[in-house]
Amino acid sequence: MTDVFISGTGVFTPPHVITNDELVASYNAYVGLHNEENAQAIAAGNVVEKLPSTSEFIFAASGIEQRYVMEKDGILDPRRMCPRLPPRSDDEPSIMAQMGCSAANDALARAGISASDVDLIIVAASNMERAYPAMAVEIQQILGAGGFAFDMNVACSSATFGIQAAADMIRGGSATRALVISPELPSGHLEWRDRDCHFIFGDVATAVLLESGDVAETAQFKVVSSACATKFSNNIRNNNGFLRRAHDQMDDRRDMQFVQNGRKVFKEVLPLVSKHIADHLKRDGVVPEDLARLWLHQANKTMNDYIGKKVLGREPQHGEQPNILQDYANTSSAGSIIAFSKHSSDLERGARGLICSFGAGYSVGSILVERV
């Protein structure tokens with residue numbers, strides 16, 4: 001079977017920034033309105049009084065300082081608290097396709113490859129704008145790629161699962177060049193009215209171009225191996241599926257947005273991910289000292305610090321485990337790819353690193369790469 005190489009990556013960054021201070025000002029205005037409008041019910045004990053937030057609390061809880069979003073005004077409107085994303089006609093490119101194409105073109109340009117040379121596109125993301133037709137097939141048409149395309153969803157692990165799937169298909173001969181695209185639009189499913197999670201997510205799109213060794217001329221990294229695992233858990237969930245209307249659930253329900261039990265996630269995911277990485281490395285005969293870099297899922301700085309220390313057996317040195325969430329926030333499956341795209345070009349030939357993402361499912365995916 002042929003070797004598989006990463007020849008280019010791309011990142012589309014949305015046009016709008018929301019700082020923690022802006023977010024807190026909007027949220028606290030909403031809290032004031034809510035408590036005022038429900039004053040009698042709160043006094044009677046029928047409604048829980050909402051508490052204000054602070055920028056200091058957000059940074060301490062997550063390490064996030066700002067986030068990028070596709071639309072800002074609706075999110076910061078205290079009487080709305082969600083983005084305004086007008087529906088597009090069936091003849092217009094969907095918003096996720098637009099985001100994904102931008103990242104894909106960036107990756108193609110870096111690799112010096114034409115879209116017509118690509119014969120596989122996987123759109124791997126936490127949410128799809130629609131059930132069908134596949135976002136990947138729409139992007140395939142817009143880019144002018146050949147071959148075939150399909151969508152996949154493994155929540156925050158979608159990008160690494162997509163890379164494994166694409167690499168396996170290239171090794172098996174069913175594709176030569178593949179784009180794994182992750183257009184993440186979590187501002188649409190985030191509950192901006194919940195103090196415990198309203199600061200978590202930001203929007204972005206990433207793309208990774210993989211090529212068979214038979215054709216790769218601008219290869220940057222060899223895909224050495226991959227490992228994926230899942231274990232069912234309800235601790236991170238989003239019930240807003242395409243059956244919502246059939247269930248007569250069009251009302252504004254809290255469980256129809258992003259929901260998580262943060263403490264349980266922290267307690268259960270950290271050992272799961274740490275063991276997964278250790279097992280992956282052991283299977284390949286790789287010791288922690290062989291790793292020059294860890295590109296981890298960008299969900300929470302404390303989680304990444306814990307995993308980095310657990311995997312390496314010591315505190316990660318500066319640059320060994322780059323974080324980008326202070327600027328981008330949690331971008332679901334795209335986070336580890338942003339970190340990889342922005343913090344990998346300085347590695348010397350032969351240096352090895354590990355891309356790892358984890359999240360709802362539970363799911364965890366890891367990709368061992370080597371600089372060429």
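**Figure 1. R130 and its salt bridge with E138 in the predicted model.** R130 is partly exposed, with a relative accessible area of 26%. Its partner across the salt bridge is E138, and the closest N and O atoms of the two residues are 2.8 Å apart. E138 counts as buried because its relative accessibility is 16%, under the 20% limit for that class. The pair belongs to a set of 16 salt bridges found by a search of the whole structure.

**Figure 2. Packing of helix α6, residues 135–143.** The buried residues of this helix are M135, A136, E138, I139, Q140 and L143. These buried residues pack against α5 (95–111), β4 (120–124), β5 (148–152) and β6. G144 follows α6 and has a positive phi, near 85°.

**Figure 3. The buried acidic residue E184 in strand β6.** E184 is buried but has no salt bridge. The nearest side chain of opposite charge is that of R130, 15 Å away. A polar contact of 2.6 Å is present between the side chains of E184 and S333. Leaving aside neighbours within four places in sequence, the residues in contact with E184 are M99, A125, S126, N127, D203, V204, A205, T331, S332, S333 and A334.

**Figure 4. D203 in the loop between β6 (177–184) and β7 (204–212).** D203 is likewise buried and without a salt bridge; R67 provides the nearest side chain of opposite charge, at 9.6 Å. The side chain of D203 and that of S187 are joined by a polar contact of 2.8 Å. The D203 side chain also reaches the backbone nitrogen of M70, at 2.9 Å. Residues up to four places away in sequence being left out, D203 touches P14, Y68, V69, M70, M99, E184, L185, P186, S187 and T331.

**Figure 5. The pairing of helices α8 (residues 262–283) and α9 (residues 301–312).** The two helices pack at an angle of about 35°, and their axes are 10 Å apart. The crossing of α8 and α9 is right-handed. On the α8 side, F266, V269, L270, V273, S274, I277 and L281 take part; they meet T302, M303, Y306, I307, K310 and V311 of α9.

**Figure 6. A salt bridge within helix α8, between K275 and D279.** The closest N and O atoms of K275 and D279 are 2.7 Å apart. Both residues lie in α8, separated by 4 residues, about one turn of the helix. An α-helix has 3.6 residues a turn, so residues three or four places apart point the same way. Side chains of opposite charge can pair when their charged atoms come close. K275 counts as exposed, at 55% relative accessibility, whereas D279 is partly exposed, with a relative accessible area of 38%.

**Figure 7. A salt bridge between strands β12 and β13, formed by R352 and E370.** In this pair the closest N and O atoms are 2.9 Å apart. The pair links distant parts of the chain, 18 residues apart: R352 lies in β12 (residues 352–359) and E370 in β13 (residues 363–371). R352 is partly exposed, with a relative accessible area of 24%. E370 also counts as partly exposed, at 22% relative accessibility.

Key. Residues are numbered from 1 along each chain as its sequence is written. This is a predicted model: local features need pLDDT of at least 70, side-chain atom pairs count only at pLDDT 80 or more; totals for chains, interfaces and linings use all residues. Side-chain values use heavy atoms; hydrogens and water are left out. Buried means under 20% relative accessible area, exposed over 50%, partly exposed in between (1.4 Å probe, protein chains only). Lys and Arg count as positive and Asp and Glu as negative; His and the chain ends are not counted. A salt bridge is a side-chain nitrogen of Lys or Arg within 4 Å of a carboxyl oxygen of Asp or Glu. A polar contact is a pair of N or O atoms within 3.5 Å; within protein, one must be able to donate a hydrogen and the other to accept it, and residues adjacent in sequence count only if both atoms are side-chain atoms. Contact means heavy atoms within 4.5 Å. Axes are lines fitted to C-alpha atoms, for helices over the stretch in contact, and angles run from 0 to 180 degrees between N-to-C directions. A crossing is left-handed if the near helix is turned anticlockwise from the far one by less than a right angle, and right-handed if clockwise.
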